[in-house]
Amino acid sequence: FIDGGHSEEEVFADFVGWSSHLIAGGYLCVHDVFPDPADGGQAPYHVVQHARRLGTWDDCGRVDSLAILRRR
């Protein structure tokens with residue numbers, strides 16, 4: 001579960017630090033993901049986009065501002 005600092009540096013550090021600990025089938029949840037910049041900060045959104053581009057995460061949807069990804 002990634003929630004905390006919302007700078008690009010902080011969110012990407014959390015992603016790099018925690019995602020490597022998840023096994024296949026493990027879930028990564030990222031809070032405060034807002035596609036529209038008018039709704040909130042963009043760093044959590046950017047890290048979710050990055051994870052999707054890596055090809056090792058499946059998008060499992062969202063619950064409000066919580067994005068849910070599953071490791072392949």
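The side chains of aspartate 59 and arginine 52 come together in a salt bridge, with N and O 2.7 Å apart. This contact makes a handy starting point for a walk through the structure, which is a predicted model. Aspartate 59 is partly exposed, since its relative accessible area is 44%, and arginine 52 is also partly exposed, with a value of 31%.

In total, the structure holds two salt bridges. The other pairing joins arginine 72 to aspartate 58, and here the closest N and O atoms are 2.6 Å apart. This salt bridge ties together distant parts of the chain, because arginine 72 sits in the segment after β3 and aspartate 58 in strand β2, 14 residues apart. The two partners fall into separate accessibility classes: arginine 72 counts as exposed at 56% relative accessibility, while aspartate 58 is partly exposed at 28%.

How confident is the predictor in this model? The mean pLDDT of the chain is 94, and 100% of the residues score at least 70. Among the elements of the chain, helix α1 has the lowest mean, 94, whereas strand β3, spanning residues 66-71, has the highest, 97.

Strand β2 also takes part in a contact between rings. A search of the whole structure finds one aromatic pair. The ring centres of phenylalanine 15 and tryptophan 57 are 6.3 Å apart and their planes meet at 55°, so the pair is classed as tilted. The reasoning is easy to follow, because planes under 30 degrees apart would count as stacked and those over 60 as edge-to-face. Phenylalanine 15 belongs to helix α1 (residues 8-19) and tryptophan 57 to strand β2 (residues 57-63), which places the partners 42 residues apart and links distant parts of the chain. Both phenylalanine 15 and tryptophan 57 are buried.

Attention can now turn to the empty space inside the model. One cavity of 30 Å³ or more turns up in a search of the whole structure. The largest cavity contains about 30 Å³ of space. Its lining is formed by Ile2, Asp3, Gly4, Gly5, His6, Val11, His31 and Pro44. Sorted by class, these lining residues are three nonpolar, four polar and one charged.

Proline 44, one of the lining residues, also features in a distance to cysteine 29: the C-alpha atoms of the two are separated by 10 Å, and the residues are 15 apart along the chain. Cysteine 29 itself has its place in strand β1, made up of residues 27-30. With a relative accessible area of 19%, cysteine 29 is buried, because the class requires a value under 20%.

Finally, the backbone deserves a look. Most residues other than glycine have a negative phi. Aspartate 32 has a positive phi of about 65° although it is not a glycine. This residue is found in the loop between β1 and α2 (43-54), and aspartate 32 counts as buried at 17% relative accessibility. Aspartate 64 likewise has a positive phi, of about 55°, without being a glycine. Is aspartate 64 buried or exposed? Aspartate 64 lies in the loop between β2 and β3, and its relative accessible area of 71% makes it exposed. The two aspartates thus share the sign of phi, yet aspartate 32 is buried and aspartate 64 is exposed.

Note on methods. Residues numbered from 1 in each chain as written. Predicted model: local features only at pLDDT ≥ 70, side-chain atom pairs only at ≥ 80, totals over all residues. Heavy atoms only, no water. Phe/Tyr/Trp six-rings, centres within 6.5 Å; stacked < 30°, edge-to-face > 60°. Helix = DSSP H or I, 4+ residues; strand = E, 2+ residues; numbered from the N terminus. Buried < 20%, exposed > 50% of the residue type's maximum accessible area, 1.4 Å probe, protein only. pLDDT = per-residue confidence, 0-100. Salt bridge = Lys/Arg side-chain N within 4 Å of Asp/Glu carboxyl O. 1 Å grid on protein atoms, 1.4 Å probe; cavity = no way out; pocket = protein on both sides within 12 Å on 5 of 7 lines; lining within 4 Å. Points joined across faces, edges and corners; volume = space filled by probe spheres on them. Nonpolar A, V, L, I, M, F, W, Y, C, P; charged D, E, K, R; others polar.
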